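Hi,

Here is the structure I promised to pass on. Have a look at it first, and then read my notes below.

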Amino acid sequence: MTHRGSLLGLALVDAGVLTLVALPVLAGLLVRDSVGTASWVVIAAWAALALTAGLALVRREHRARGDLAARDAALAATRLTGHDWVWECDERLVVTDSGHAVSQLLGFGPEQCVGRHLDELLYDDTNRTHVRTQLEAAVSPGAPSAPRGLELAWRHADGQPVRLRGSAAPLHDRRGRVVGYRGACWRASEPTEAALVTEAAARRVTSLLGGSVRVDVALQPIVEVGSGRLIGAEALSRFSDGRPPTAWFDDARVGGLTRQLDEMTFLNALSAFDDLPGPAFLSVNASPELLLDAGFRNRVLRSGRPLDRLVVEVTEHSQVVDYDDLEAALTTLRRRGVRFAVDDTGAGYSSLNHVLRLRPDVIKLDRDLIADLGHDGARRALVTALVLLALEVGASVTGEGVETPDQLEALGALGVHHAQGYLLATPSTDTAAWEAWSRRTWRQGTHAPAAGR
């Protein structure tokens, strides 16, 4: 309501009052001039209308001033700095106004907040219930003050929770009715640099899990050393934003989302069965933490994929706390034909312990063992020992990272069964290349050109 509106209201009130005061004089004139009853009615109606409209405008002006006073009181109840997010909502808790600081705190622009219910901006039902309880208490009779220092989990634009502290106060009209609420929010505490890095990493991975980046499956062939024929392929993830897979998995580790990213990439990799020619197997990485998740195992079992052609490579993202639990988890998958491999064998004690405790179907040699294999007697002796260990536990041996014909020849001489590496083919997302691998023979000791990316 503007000052002009207030002046207009007062003018109408004055006009109505003057008309009523002058009505006896007007009556004498009207009688003298023999004016009809209808004119009397018109004059009386004008007086009543002017008086009513004027009073209504004045009341609206007072209510508007009352609302402004209530908002000023609400602001006084908040801790305001240049970094705080100030918001208003109506009595239904629909946001009607939003400050610009919301973009730094929650990732939304102010215009994206207006029209949303507070329930959409709060992270979960617990926080929504807490807000309603506090606001209801603030408007109850005898409420001591507006709620202050509330710490709530709000929903960031990327879906992650953000903890903010804040205050809120009800807005009343002149009759004391609640017409809305006004509040301010700020960070619960100043984050450290490490916390900001962790938060940023978690947001990137959460966005990826939500489908912001396409994840493609690249395969690299695994070849039988003696015959040179294709016997399987390892599935690797490739991300459409161009970031290397190591960057994404590092983000997941920092943000505490390794298990979630492992599961997403694992289940996504199973789609390669649609184009991988049989009877070649598909080898996919999984951490012990993921394999211990009963929900994940059930999703694999219900996937409808040929599980007798699936090899799960047990990686070392996290330490195995209880081998008995892990062995029991693997047993449920083994009963359906799934085979298991221990990755990076020879890189450290833990991988050898995996071999001894899990009795894998495949032992994959660490690529550092393959480097200079033809000229390093110690490496040859260790590979020979691992081949004998594989014979003892009933496993086959695969040499990873084969890049030269000499390395391939040395693996064959030491009794290694299978080979994988850039000498044979680079990882490829081209399904036509996958199909062509089944018709190709890689001859031992000869360089084979890469089969596309």
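At roughly what angle do the axes of helix H9 and helix H10 cross? Before the answer, a word on the source: this is a predicted model, where local features need pLDDT of at least 70, side-chain atom pairs count only at pLDDT 80 or more, and totals for chains, interfaces and linings use all residues. Residues are numbered from 1 along each chain as its sequence is written, and side-chain values use heavy atoms, with hydrogens and water left out.

Now the helix pair. The axes of H9 (residues 245-255) and H10 (residues 258-269) cross at roughly 140° and come within 7 Å. Axes here are lines fitted to C-alpha atoms, for helices over the stretch in contact, and angles run from 0 to 180 degrees between N-to-C directions. That angle makes H9 oblique to H10 (under 35 degrees is roughly parallel, over 145 roughly antiparallel, 65 to 115 roughly perpendicular, and the rest oblique). On the H9 side, Trp248, Phe249, Ala252 and Arg253 make the contact, and on the H10 side Thr258, Leu261, Asp262 and Thr265 do (contact means heavy atoms within 4.5 Å).

H12 (residues 294-301) and H13 (residues 323-334) also pair up: their axes come within 10 Å and cross at roughly 15°, so the two are roughly parallel to each other. Arg297, Val300 and Leu301 of H12 meet Ala329, Thr332 and Leu333 of H13.

Next, the interior. The largest nonpolar core has 61 residues, and Leu219, Phe266, Leu291 and Leu310 touch the most other members (such a core is a set of buried Ala, Val, Leu, Ile, Met, Phe, Trp, Tyr and Cys residues joined through side-chain atoms within 4.5 Å; buried means under 20% relative accessible area, with a 1.4 Å probe and protein chains only). Helix H16 (residues 377-393) gives the most to this core, with 5 residues. Another core, of 24 residues, lies apart from it and includes Cys113, Leu150, Ala168 and Tyr181.

Leu291 also ties back to the second helix pair: beyond its neighbours within four places in sequence, its contacts include Arg297, Ala329 and Leu333, as well as Phe296 and Phe340.

As for the whole protein, there are 18 helices and 13 strands (DSSP runs numbered from the N terminus: H or I of at least four residues for helices, E of at least two for strands). Of the 453 residues, 44% count as buried. Among contacts between residues at least 6 apart in sequence, 62% join residues at least 24 apart.

Cheers

Note on methods. Buried means under 20% relative accessible area, exposed over 50%, partly exposed in between (1.4 Å probe, protein chains only).
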